[in-house]
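Here are a few exercises to work through with the model open on your screen. Have a go at each one before you read the solution.

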Amino acid sequence: MLVSNYIEAFLPMIKGAILYTIPLSIISFICGIAIGVIVALIRINHSKNPLSNLAKAICQFYISIIRGTPLLVQLFIIFYGLPNIGITLDPFISAIIAFSLSIGAYSSETIRASILAVPKGQWEAGWSIGLTNSDTFIKIIAPQALKIALPTLSNTFIALVKDTSLASVVLVAELFRQAQTIASQNYEFLRVYSQAALIYWIICIGLGYLQTHLEAKFSKHL
């Protein structure tokens with residue numbers, strides 16, 4: 001009977017992880033990194049024209065807002081607040097927007113620091129063989145910056161997987177939401193939430209091994 005109870009709890013949570021937690025993490029991370037790259041490139045741009053300065057100010061304001069407010073509050077504003085001005089979003093889409101904006105703000109600082117950490121001589125090396133600024137960045141600077149940023153970005157992704165549990169407050173049927181539903185039915189809160197923690201732990205262990213593999217691969221080829 002006890003084994004049956006464990007299985008009955010595990011299956012919905014694993015389903016929630018497969019259908020929502022993992023896709024939500026991957027999509028949000030990809031979108032967030034795209035935002036982070038754009039913001040980082042804008043912030044390291046040395047142009048002094050007014051549009052460039054305006055773009056930098058907007059990026060700095062965006063980073064300040066995201067880093068200065070709780071992710072949970074951001075989720076509530078997007079899902080529960082925006083309908084007050086006529087914008088109603090699906091729970092899953094709301095979660096993707098909130099997590100992507102969060103990852104974008106934090107990863108932009110990592111990416112910017114990684115690009116700046118590449119020695120300036122690498123730029124000069126690219127120019128000396130006739131590469132343009134964009135070619136030098138893509139072929140020489142970006143790969144080295146990625147190697148520097150990879151450990152931090154990998155940790156950011158692992159943290160995101162755990163943070164997706166916050167999506168339960170906007171009714172996304174992910175892993176933790178399923179655990180809440182099961183626990184509210186059988187009142188076995190310790191057992192059910194421990195099972196949920198175990199699933200998160202297993203996922204993060206797998207991601208940790210993947211991180212180690214990627215870091216070793218990049219160290220070998222760069």
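**Exercise 1: the largest pocket**

In this predicted model, the largest pocket has 20 lining residues, and those nearest its centre are Phe29, Ile33, Leu146, Leu150 and Leu153. Work out which elements give two or more residues to the lining of the largest pocket, and how the lining residues divide into nonpolar, polar and charged.

*Solution.*
- Step 1: start with the elements. Two or more lining residues come from each of α1 (2-44), α4 (91-117), α6 (133-163) and α8 (189-221).
- Step 2: look for the top contributor. That's α6, which gives the most to the lining of the largest pocket, with ten residues.
- Step 3: sort the lining by residue class. You get 17 nonpolar residues, three polar and no charged.
- Step 4: add the volume. The largest pocket comes to about 470 Å³.

**Exercise 2: the second largest pocket**

Now find the residues that line the second largest pocket, and say which element supplies the largest share of that lining.

*Solution.*
- Step 1: get the volume down. The second largest pocket holds about 400 Å³ of space.
- Step 2: list the lining. Going along the chain, pick out Leu41, Ile44 and His46, then Ile115, Leu116, Val118 and Lys120, and finish with Trp123, Glu124, Trp127 and Phe137.
- Step 3: assign elements. At least two lining residues come from each of α1, α4 and α5 (120-128).
- Step 4: pick the largest share. It belongs to α5, with four residues.
- Step 5: sort by class. Eight of the lining residues are nonpolar, one is polar and two are charged.

**Exercise 3: positive phi in the loops**

Leu171 and Tyr187 each have a positive phi without being glycine. For Leu171, find the loop it sits in; for Tyr187, do likewise. Then decide: is Leu171 buried, partly exposed or exposed, and is Tyr187 buried or exposed?

*Solution.*
- Step 1: check the angles. Phi is near 75 degrees for Leu171 and near 60 degrees for Tyr187.
- Step 2: place them. Leu171 is in the loop between α6 and α7 (175-186), while Tyr187 is in the loop between α7 and α8.
- Step 3: recall the cut-offs. Buried is under 20% relative accessible area, exposed is over 50%, and partly exposed is in between.
- Step 4: apply them to Leu171. Its relative accessibility is 47%, so Leu171 counts as partly exposed.
- Step 5: apply them to Tyr187. Its relative accessible area is 62%, so Tyr187 is exposed.

Note on methods: Residues are numbered from 1 along each chain as its sequence is written. This is a predicted model: local features need pLDDT of at least 70, side-chain atom pairs count only at pLDDT 80 or more; totals for chains, interfaces and linings use all residues. Side-chain values use heavy atoms; hydrogens and water are left out. On a 1 Å grid over the protein atoms alone, a cavity is a set of points where a 1.4 Å probe fits but cannot get out, and a pocket is an open set with protein on both sides within 12 Å along at least five of seven lines; lining residues have an atom within 4 Å of a point. Grid points are joined across faces, edges and corners, and a volume is the space filled by probe spheres set on the points. Ala, Val, Leu, Ile, Met, Phe, Trp, Tyr, Cys and Pro count as nonpolar, Asp, Glu, Lys and Arg as charged, and the others, Gly among them, as polar. Buried means under 20% relative accessible area, exposed over 50%, partly exposed in between (1.4 Å probe, protein chains only).
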